[in-house]
Amino acid sequence: MGQSATALVHPDDLERHMANSAKLLTGERIDRGIDRAHRYRAGNGTWVWLEGNPQILRDAAGRPVEFLNAFRDVTARKHAEAALADAQVRQQAQHDLFENAFHHAPIGMALVGLDGGFLRLNRAFCEIVGYPEPELLALDFQAITHPDDLNADLGHLARLVAGDIPSYRMDKRYIRKDGATVWVGLSVSQVYDVDGRPKHFVAQVEDLTARRDAEDRYRLLADASTDLVLKVGMDDVIQYISPSVRRYGFEPEQMIGRHTAEFIHPEDLKRVVATVGEIAAGGTVEVSRDRSLRMRTRDGYVWVEASSTLVRDEAGAPVALVSQMRDVAERRAAYAALAEAEAKFRLMAENATDMIVTTGLDGAITFAAPSSLAITGYDSQELLGRRPMELTHPDDTAEVLRVFTNVALGRPGEPVRWRVWHKHEERWVWLESNPSLLHHDRPAEEQLFLDVIRDVTVQVAQETALAEVTVAAQAAAAAKAEFLANMSHEIRTPLTAILGFSSLLSARDGLDEIAHGHVDRVVSAGWALLSIVNDVLDFSKLEAGQYEIKPRPVSPVGVAHDALLMFAPQAESKGLALEFQADDGVPEALELDPDRLRQILLNLVGNAIKFTDQGMVRLGLRYDTALQRLHVAVQDSGAGLTAEQQAGLFQRFAQVDASSTRRHGGTGLGLAICKGLTEAMGGEIGVTGAPGQGSTFAFFIAAPVAKAPACAAEAAAPALTLDGVRVLVVDDNPMNRELARAVLETVGAEVTEAGDGEQALLAALSLPYDVILLDIRMPVLDGPATLRRLRAEPGPNMTIPVLAFSADSDLERYAEEDGFDDVVRKPMNAAGLIHTISHWTQWDPFSSEGATDVDAT
């Protein structure tokens, strides 16, 4: 009360309010249907619409005294009128927008009646199907839909009408007016009347010709790809998957139409969905991000790496996701193994007693294991950034740099030893390392030397001491070898005369029976002494690893049978039966060393006869074809052996009876030599038996099957003769020269003698000879020096055969190293000497060229 009415009127309505008041005062008529509503401020500060019916109250003179007005609240009505006006504006804008979009849209649009007939069409739709608009308005969509797609389209439409789906989308084909087929992407929704009844359908059509062509080309590539290629709709339904899915146990048809979530491991699904969401939102997935996931297969899961691309329609809306998946199971396994290896490496590096160090190509240390403190006195942190050359002994730096340079250049690494100064102990520590290059395929700044460094100070000291001991041992071995060579020569030289002259004496007529017996005893004792010398020398060679095995194709049956027959006289004198048995499977020829096999057999058969007083001695052979081994067994019916006797039987100097009252002699080296020879030929030897049951010595040797020797070589050799052969015998021992002359002249040879090398050279300059028998050890000029001068100085005997004639134990080396054509051993026998000289001086159609290495003993 008491306030001015105009103070309560809304500012926007005040002018109209005042105008109405003025008209009322002047008596002008007011349009009460429009101008009577104004906004007034309510007590709470809000504005309300009030509609008034103002009247003027006048006095008796007719003058206006006051206004009388009755108001009605019309706020709700005014708000409704404003909302209706806004709605009409929006409806008109939407209509204008729809019309504009309909007619000018880049995709085809059509309003389709409930019966399928076209109601309205835009230009783009007409261009896609190739019909003018008037002709299309007379048709329905069924008439231009490809027959193979019509049922699917009608099925979707039925679900839409039934309210099962709000809209649908499908790819289908239209038949253009010109008869061509065009692929389109069809989206259909339904429009309803205000009362909710279906009114018509809205169809949006996108020409997929270009996309289909691109998809066909891409499909060809995808079908041929070993990687897995799939196309997934935005509804997560698989639309296409390449045939390579068969490797995981599925046919493409089994997966098309199913959701990808069914085939992703539950633990990976959330991450995959998030990644797809980023891509759909327009984001990019960094290459460095882990894009691997586990895909379900028929038998479990396999790790794949996915690379996905979003497919959009012409309007830019996402329609599908194309993914290429590569099997990375092996790569992940390799990464896992690498990670495990790196963890193990670090664990070893941090706990190893050796020092593991990495350095750059500039020489700066980038990593040092904690063990560096114990080895060098430097903490691993102290070494970082330092160069090892700063701590290396000056005398070792050049060699260390050479090795590391070679490694940096890609050459193989090699162990290198060097000294480093110990920080706390103030001494030089010997280290050994073998560097290698890491990351050689990367830039130089990423390449590293990896070095495992070991403290070898104690080892170096031990090696130094060992080297000194080795030098002493080698000197002792050389002295031993020299002693054995001299001993052999000194013993064999008189034995040559003893055996040679006693043999000649035995062959003379006129000796009575007692004299013959005495001579035979001398010969037997001489051969026994030679056997002892040979055993000692053979065992010495075996211990030194100098025993050479020379395999060649020979008949194993022939070698074994001949060896057995050599003991026929001894067996007959003791009343023993000699038996020989060879299995049918023993090949005709084997690749083996017949001399070494014969040596083993002579030892074993000789022992069997020696220790058997009655019964038999049997030699048996069989062959293992699978393992290519010759098995030999020597069985006797002797006294047998106890287990204790068998245990030490093949040791050197071991004898069954070593007592002072023993019946049988020997050095105790024979079986040790058999063991060494057997093992040298890739075999083993052993013995079985029991006291009173005899013994069986069995061994095997490696012996591959060989081609049988030529039959011609088996022909009976003619009687040897040396008629007219001129022989120069060179020896400082007159008895050896006399013996050689006595033997050779009996078969017609013409013999000339020389006492040393100088005399031999003078003789060789004066007369031509057919062969020279040359001693090795002589005063003035020895045999090898004489041969060198003979071959170098012009003369009639430069090219004739020269035979080494010596009692040395390693006579073969003179043929190999000094150029002797052949060897004749001392002590000799007449047949061996004659055969060797005959081989080199007479043409033999059955002999082969080259050295025969005939042992004249």
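How many salt bridges does the structure hold? The answer is 46, and several of these pairs serve below as a way into the fold of this chain, which is a predicted model rather than an experimental one.

It helps to begin with the chain as a whole. The chain has 25 helices and 33 strands, and of its 857 residues 38% count as buried. Its exposed surface comes to about 47,300 Å², of which carbon and sulfur atoms supply 55%. Among the contacts in the chain with a separation of 6 or more, residues 24 or more positions apart account for 54%.

The salt bridges can be taken up along the chain, starting in helix α2, which spans residues 75–104. Here the side chains of Arg77 and Glu81 meet in a salt bridge, with a distance of 3.6 Å from N to O. The two residues are 4 residues apart in that helix, and they are therefore separated by about one helical turn. Arg77 counts as partly exposed because its relative accessibility is 37%, a value that falls between the 20% under which a residue is buried and the 50% over which a residue is exposed. Glu81, with a relative accessible area of 41%, is likewise partly exposed.

A second pair is formed by Arg258 and Glu262, whose closest N and O atoms are 3.0 Å apart. Arg258 has a relative accessible area of 28% and is therefore partly exposed, and Glu262, with 35%, is partly exposed as well.

A third salt bridge brings together the side chains of Asp821 and Arg791, again described by its N to O distance, which is 3.0 Å. This pair links distant parts of the chain, since Asp821 lies in the loop between α24 (812–817) and β33 (822–825) while Arg791 belongs to helix α23 (residues 783–792), 30 residues apart. Asp821 is partly exposed, with a relative accessible area of 22%, and Arg791 also counts as partly exposed, at 27% relative accessibility. Returning to the pair in helix α2, one finds that Arg77 and Glu81 belong to a network in which salt bridges that share partners join them with Glu51, Arg72 and Lys78.

Helix α23, which carries Arg791, also takes part in a helix pair. Its axis and that of helix α22 (residues 757–766) come within 9 Å and cross at roughly 25°. Which description of their relative direction follows from that angle, roughly parallel or roughly antiparallel? Angles under 35 degrees count as roughly parallel, and α22 and α23 are therefore roughly parallel to each other. The crossing in which α22 passes α23 is right-handed. On the side of α22 the contact is made by Gly757, Glu758, Ala760, Leu761 and Ala764, and on the side of α23 by Thr786, Arg789 and Leu790.

Another helix pair is provided by α16 (residues 556–565) and α18 (residues 594–610), whose axes come within 9 Å and cross at roughly 35°. The crossing of α16 and α18 is right-handed. Helix α16 contributes Val559, Ala560, Ala563 and Leu564 to the contact, and α18 contributes Pro594, Leu597, Arg598, Leu601, Leu602 and Val605.

Among the strands, β30 (residues 750–754) contains Val751. Is this residue buried or exposed? At 10% relative accessibility Val751 counts as buried, because the value is under 20%. Leaving aside its neighbours within four places in sequence, Val751 is in contact with Val727, Val729, Arg741, Leu744 and Glu745. The C-alpha atoms of Val751 and Arg737 are 9.4 Å apart in space, and the two residues are 14 residues apart in sequence.

Two residues in loops deserve attention for their backbone angles. Most residues other than glycine have a negative phi. Glu426, although it is not a glycine, has a positive phi of about 50°. Its place is the loop between β18 (416–421) and β19 (428–433), and, with a relative accessible area of 58%, Glu426 is exposed. Val780 is not a glycine either, yet it has a positive phi of about 70°. Val780 is found in the loop between β31 (771–775) and α23, and it is exposed, with a relative accessible area of 66%.

Methods:
Residues are numbered from 1 along each chain as its sequence is written. This is a predicted model: local features need pLDDT of at least 70, side-chain atom pairs count only at pLDDT 80 or more; totals for chains, interfaces and linings use all residues. Side-chain values use heavy atoms; hydrogens and water are left out. A salt bridge is a side-chain nitrogen of Lys or Arg within 4 Å of a carboxyl oxygen of Asp or Glu. Buried means under 20% relative accessible area, exposed over 50%, partly exposed in between (1.4 Å probe, protein chains only). Contact means heavy atoms within 4.5 Å. Accessible areas come from the Shrake-Rupley method with a 1.4 Å probe; for residues, only the protein chains shown count as cover. Axes are lines fitted to C-alpha atoms, for helices over the stretch in contact, and angles run from 0 to 180 degrees between N-to-C directions. Angles under 35 degrees count as roughly parallel, over 145 as roughly antiparallel, 65 to 115 as roughly perpendicular and the rest as oblique. A crossing is left-handed if the near helix is turned anticlockwise from the far one by less than a right angle, and right-handed if clockwise.
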